[in-house]
Amino acid sequence: MKFHVLTLFPEQIEKGLSDSILKKAMDKGLISLNTVNIRDYAENKHFQVDDYPFGGGAGMLMQAPPIFRAYRDLQAKGVKSKRFIYMSPQGRTLNQEIVKELAAEEELVFLCGHYEGVDERVLEELVTEELSIGDYVLTGGELAVMVVIDAVSRYVDGVLSNDESTGDESFEQNLLEYPQYTRPADFEGRTVPEVLLSGHHAKIKEFQRRQAILRTARKRPDLLAKADLTPVEREMVHKYLEDLPMNAEASSGLIR
């Protein structure tokens, strides 16, 4: 998977993605990161890429010409991505389905806005889609792009060492991940559920499934409408929600 990012702050993205799992994936050639400094395509001695918006308004706007030149240069160098994604609070809100959709591509191109955004002609002529990581505003698109790249990279073959690492995570099958524990089995009187120590794999799987469903019912009941639950599981959820105390969200929350 090849990631290309047009930005005013390439070092921020390079440093932010240069550790841990993603660094190993880059070293193995499983993913690659190409940052393009939009300022390099400014045609003035001060490398200015922003200006005041016509009609007035607060702040500065990124100009169209440098972005057009940067993107066309990528194309001239052989980048053939069909998707040019602008990170914007006006775009589709990122979720796991979109992440998997993007992971099916061979390469992706991103544009990071800054100041008050970009000239509308960039969105009309170049950008194929806008993507948001939430209903809030950041100072620039760099942090948002790093979130997307991190999430997408996890679905690239070989990036994660365990083939099942994405299968049981939160939002897979529209369920949150079940609670997990490690040593010690008893910490300050709080013990690990006995079934997890039993070595009985079928019972463990049953326990984990139940916990994932009940945790989702408690924390994100909106997801259950799309979850593939059996009639027995739906009845379990219904009874659980009926019995759930009003202050359950404020409790420590471990479902035994």
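**Reading strands and salt bridges**

Q: How many bridges join strand E5 to strand E6, and which way do the two strands run?

A: Strand E5 (residues 84–93) and strand E6 (residues 107–111) run parallel and are joined by 3 bridges. Two strands count as paired if DSSP finds at least two bridges between them. The labels are DSSP runs numbered from the N terminus: helices are H or I with at least four residues, strands are E with at least two. One note before we go on: residues are numbered from 1 along each chain as its sequence is written. This is a predicted model, where local features need pLDDT of at least 70, side-chain atom pairs count only at pLDDT 80 or more, and totals for chains, interfaces and linings use all residues, while side-chain values use heavy atoms, with hydrogens and water left out.

Q: Which strand pairs with E5 over 5 bridges?

A: That is strand E7 (residues 129–132), again in the parallel sense. Try following Ile-85: its bridge partner in E6 is Phe-110, and in E7 Ile-85 stands opposite Glu-129.

Q: Now to charges. How many salt bridges are there?

A: The general idea is that side chains of opposite charge can pair when their charged atoms come close. The rule here asks for a side-chain nitrogen of Lys or Arg within 4 Å of a carboxyl oxygen of Asp or Glu. By that rule the count is 13.

Q: Where do Asp-27 and Lys-23 lie?

A: Both are in helix H2 (residues 20–27), 4 residues apart, about one turn of the helix. They form a salt bridge whose closest N and O atoms are 2.9 Å apart. For accessibility, buried means under 20% relative accessible area, exposed over 50%, and partly exposed in between (1.4 Å probe, protein chains only). Asp-27 counts as exposed because its relative accessibility is 55%, and Lys-23, at 33%, counts as partly exposed.

Q: Which residue forms a salt bridge with Arg-69?

A: Glu-43 does, with the closest N and O atoms 3.5 Å apart. This pair links distant parts of the chain: Arg-69 is in helix H3 (residues 64–76), and Glu-43 is in the loop between strand E2 (32–37) and strand E3 (50–51), 26 residues apart. Arg-69 is partly exposed at 29% relative accessibility, whereas Glu-43 is exposed at 66%.

Q: What separates Lys-239 and Asp-243 in helix H8?

A: About one helical turn, because they are 4 residues apart in H8 (residues 231–243). Their salt bridge has its closest N and O atoms 3.0 Å apart. Elsewhere, salt bridges that share partners join Arg-83, Arg-92, Glu-101, Glu-105 and Glu-129 into one network.
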